[in-house]
Amino acid sequence: MSADTILPVLTQKDFASDQEIRWCPRCGDYSILAQMKKVLPTLGIPRENIVFVSGIGCSSRFPYYMATYGMHSIHGRAPAIATGLKVARPDLTVFVITGDGDALSIGGNHLLHALRRNVDLKIIMFNNQIYGLTKGQYSPTSPRGKKTKSSPFGSLDQPLNPLSVAIGAGATFVARSADVDVKHLTMVLERAANHKGSAFVEVYQDCNVFNSGAFEFATKKDQKHENCIYLENGKPLIYGNDRDKGIRLNGAGHPEVVSLSDVKDDDLLFHDESIDDPDHAFRLAQMRWPNSPEPMGIFRCVERPTYDGEVDRQFHDCIEQQGSGDLESLFHSGDTWEVKAK
Amino acid sequence: MSSESPASTTNGKSSNGSKTLETVESIVIRFCGDSGDGMQLAGTQFTNVSAIFGNDVSTLPDFPAEIRAPAGSLFGVSGFQVCFSSAEIFTPGDDVDTLVAMNPAALKTNLEDLKRGGTLIVNEDAFDKSNLKKAHYESNPLDDEGGQLAAYRIHKVPMTRLTRDAVAGLGLTVREADRCKNFFAMGLVYWLYDRDSTPTEDWVKEKFSKYPSIVEANLRALKAGYNFGFSTEQFTVHYEVPSAELEPGHYRKITGNEAVAMGLATAAKLAEKELFYGGYPITPASDILHELSKLKRFGVKTFQAEDEIAAITSIVGAAFGGALSVTASSGPGIALKSEGIGLGIITELPMVIVNVQRGGPSTGLPTKTEQSDLFMTYFGRNGDAPMPVIAARSPADCFNMAQEAVRIAVEYMTPVFLLTDGYIANGAEPWKIPDVSDLYKINVQYTTEPNGEGDEYLPYLRDDRLVRPWAIPGTPGLEHRLGGLEKWDGSGEVSYDPDNHEHMIRTRAQKVANIADSIPEQEVEGPESGDLLVVSWGGTYGAVKSACTESRRQGKSVAHCHLQYIHPFPKNLGQILKNYKKVLIPELNAGQMWMILRGVYLVDAVSFTKVKGKPFLIGELCAKIDEVLAS
């Protein structure tokens, strides 16, 4: 594109495809789709340079509803497909849309490896703690004891903590939000989209058919500020409807709830998303409701070279140092001999 | 032919006073020893010097799946067979003329392949109590004069001791000194077959340039072996195999895996497109990943994926992005790729899947060859999911077929299977280096304009060959979504319509069938009609061709039809099968091509199978041909 081309100003509508949306009425996915359409025009990226890749599950229908390039692929493999695409085409902006079953169960391996490589992908995982498309079996994030079609006496599986997994895998951007928390979700998606490297965003998403109300603690107006801590970079961890409670590390280094009337702000735990050491983010990720107030927002945002960028650098370094490949000399490399005409 | 007695003449030349130099047409040597004895190196070096000298060569490496099996054990034996000839050859030979056995286990596991009267060279130092016990010998076979070794010309050489003597004074540990004994064995064989050792000396100097004492030790061992043959009275005759009359031109030695990698890089370079290779290490396909990872300057990006599934799906993503996309694996890995290949079929994206076949099922025989993945590549996906399958016939042919796989994938917007096998992947032969200007240049065209009404882009609007366009991300106005769900023909929108689904199933199948328009007609070697047609495919080419040639030489009416295009078959194959009274289909599986040809053409063919992890011998094929002709 020449420098004097004026980029058209895109709006939400430019990102809506002509497809009829087939999610259940009142599904949390609608809100996430709406916020994504809000965020994309702010990125200044031409529509044709954006690709959504998804796996299988309700959330994975997402690419059909975006007027960008997209692929609705096979179960669990979206991070691997997106890795191939991004390595082949580092110029593209690539989102992965996935769910808790898709990302953490059948596709767990690919998620780990995309994150540890720091492929420049924006991975948005819709967590509804249930298998929706197959009509209601427990998922790898369902709580123990959850009664579902496949666990009539209660699930015996210990759930995975998605953010701990992501931090453990070395993700450079880790965040959490909730489907109906519109402003917060928009902010998180925008930050993820602007991160250079693997961004992992867990979005609490209500499946009102098979797991209704699983995240009311984090979405109900009167409850969410009592149950959640909205992380602000460089600020102490303070929460509560009256912002009267905070988090401090006790002598053993564990977070504990304190009343602000008892301590000074300086004694509280301060949030710093840019700490390279994952301990801080991991500690926050371990704080789960109802045992503790639960942090929401950006847990970790650090810089590390991206995998696709490094592959591209090595690729171009080789061409620069060795010259563009010459087939003639490739064929004649090694021991050769000549058979002369007699 | 190596299976026959070499036509031997005493040419009167004498390399020193007491030794006679005889000329022979063709020789088969096998080096065998512990997997740590450096037998693959010895075989490779012997092959190199013979190829550079101008012989035709063909090799068969045979090594255990264990990297370092317990020393002296029967299952830890590693072998390398090479046939070198002054005539054109197509296999590494049936029977071994000269066997070099570095220990009792190697002798025990390889002796049956040595022809009676053949030359047996053993390292007698290795025949101690412990090694004999590990090889399950109750007594030392070397001491048993008139025993099982009486049928051979045996040379007992104290290689360990002589090697230690040769490297004495270099400050090497005993262990290091003993590791040089493969060079002693090479030196002896170089003398025996009048080879010029210069290329090996140069290789040693370069390979160990950082370790001058190792260079010196290996060179001394090589020379000591050579001189041992020259001076000892054990050897009275040595042999020369004159150079072969190959087509004039420049040659190099190439293995199938090297040729696949080079063919892929060539296809990409000539198409002026990037090649994306996603792979996961697996025997015997890993060398393709190794070779390609060196070739970045040819526009190659390699991605070592976390598993086989990520390898195949990464290339789906890369193909969507517009790269020439390739993965390679072997049986167990291909099994894991099945779902990803299905996605490639329904999204109709170009990609190449190389299957270097090995013995199965399951982990099976990782280092041994077989042709038993034909069904898996032909059928092995859920749903009606046909895709093109082609097969290389020799190490050098892998270069052509790799380019052909890319061509079919791009021209027909489909995944393509390229079948090779452990035998041609690891085996080597001389490759006549092509002229770059003679190579086919694949024309890759991305769609950039809308093709529907108004500004609409229809990703599944097909041309008259039923091929859909390839529009890649980054192209304004052509934004579209692909996926694994069935789609409406033309628009590509998700569709559960029953008639559309049947239409799409038949359309995708017809598109693959249309590839027959772009491939050469099937050729037959031998009479155009007659008593017997032998149909082969893949890596058995050399042995079957040789057997058919031999049968014709004996006056029999035997033709050979070797298939490189397996799905679709060449258009004239059905007619060819009708031109002969009998059809014989030899293959290294339990009869897979036999069943497919019966199913497709209703041909009442005879199946001849071997599933031992080993290639066909020419002799056993000749015997089967005679049996079928007589029946």
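1. Chain A, overall. In this predicted model, chain A has 11 helices and 14 strands. Its C-alpha atoms fill a box of roughly 100 × 50 × 50 Å along the principal axes. Of its 342 residues, 45% count as buried. Among contacts in chain A with a separation of 6 or more, 65% join residues 24 or more positions apart.

2. The A–B contact. Chain B puts 56 residues into the contact, and chain A puts in 53. On the side of chain B that touches chain A, the elements giving two or more residues are α1 (39-53), β10 (249-255), α9 (256-271), β11 (275-279), β12, α11, α12 (331-347) and β18 (481-483) of chain B. The largest share of that side comes from α11(B), with 9 residues.

3. α2(A) against α11(B). This helix pair spans the two chains. The axes of α2(A) and α11(B), residues 308-320, come within 6 Å and cross at roughly 50°. An angle of 35 to 65 degrees is neither roughly parallel nor roughly perpendicular, so α2(A) and α11(B) are oblique to each other. The crossing is right-handed. From α2(A), the residues in contact are A:A80, A:I81, A:A82, A:T83, A:G84, A:L85, A:V87 and A:A88. They meet B:I309, B:A310, B:T313, B:S314, B:I315, B:V316, B:G317, B:A318 and B:F320 of α11(B).

4. α10 of chain A: length and end. This helix covers residues 307-322, which is 16 residues. From first C-alpha to last it reaches 22 Å, close to the 22 Å expected at 1.5 Å a residue. A:G323 follows the helix, and its phi is positive, near 80°.

5. α10 of chain A: two faces. Which residues of α10(A) are buried? They are A:Y307, A:D308 and A:V311. These residues cover an arc of only 110° around the axis, so they sit on the same side of α10(A). The face turned away from that buried side carries A:H316, A:D317, A:E320 and A:Q321, which are exposed. What covers the buried residues comes from both chains: it includes α2 (78-88) and α4 (108-117) of chain A, together with β12 (300-304) of chain B. Note that α2(A) thus appears twice, as part of the cover of α10(A) and as the partner of α11(B).

6. α4(B) against α8(B). This pair lies within chain B. Helix α4(B) is residues 159-167, and helix α8(B) is residues 212-231. They pack at an angle of about 125°, with their axes 9 Å apart. Roughly antiparallel needs an angle over 145 degrees, so α4(B) and α8(B) count as oblique to each other. Their crossing is right-handed. The contact is made by B:L162, B:T163, B:A166 and B:V167 of α4(B). On α8(B), the residues are B:A217, B:R220, B:A221, B:A224 and B:F228.

7. α10 of chain B. Do not confuse this helix with its namesake in chain A: α10(B) is residues 286-293. Its buried residues are B:I288, B:L289, B:E291 and B:L292. Seen down the axis they fall within an arc of 165°, so they line one face of the helix. They pack against α9, β11, β12, β13 (324-329) and β14 (351-357) of chain B. Of these, α9, β11 and β12 are also among the elements on the side of chain B that touches chain A.

Terms used:
Residues numbered from 1 in each chain as written. Chains lettered and ligands numbered in written order. Predicted model: local features only at pLDDT ≥ 70, side-chain atom pairs only at ≥ 80, totals over all residues. Helix = DSSP H or I, 4+ residues; strand = E, 2+ residues; numbered from the N terminus. Expected span 1.5 Å × (residues − 1). Buried ≥ 20, exposed ≤ 12 C-beta atoms within 10 Å, placed from the backbone. Arc of directions from axis to C-beta. Contact = placed C-beta atoms within 7 Å. Axes fitted to C-alpha atoms, helices over the stretch in contact; angles between N-to-C directions. Parallel < 35°, antiparallel > 145°, perpendicular 65-115°, else oblique. Left-handed = near helix turned anticlockwise from the far one by under 90°.
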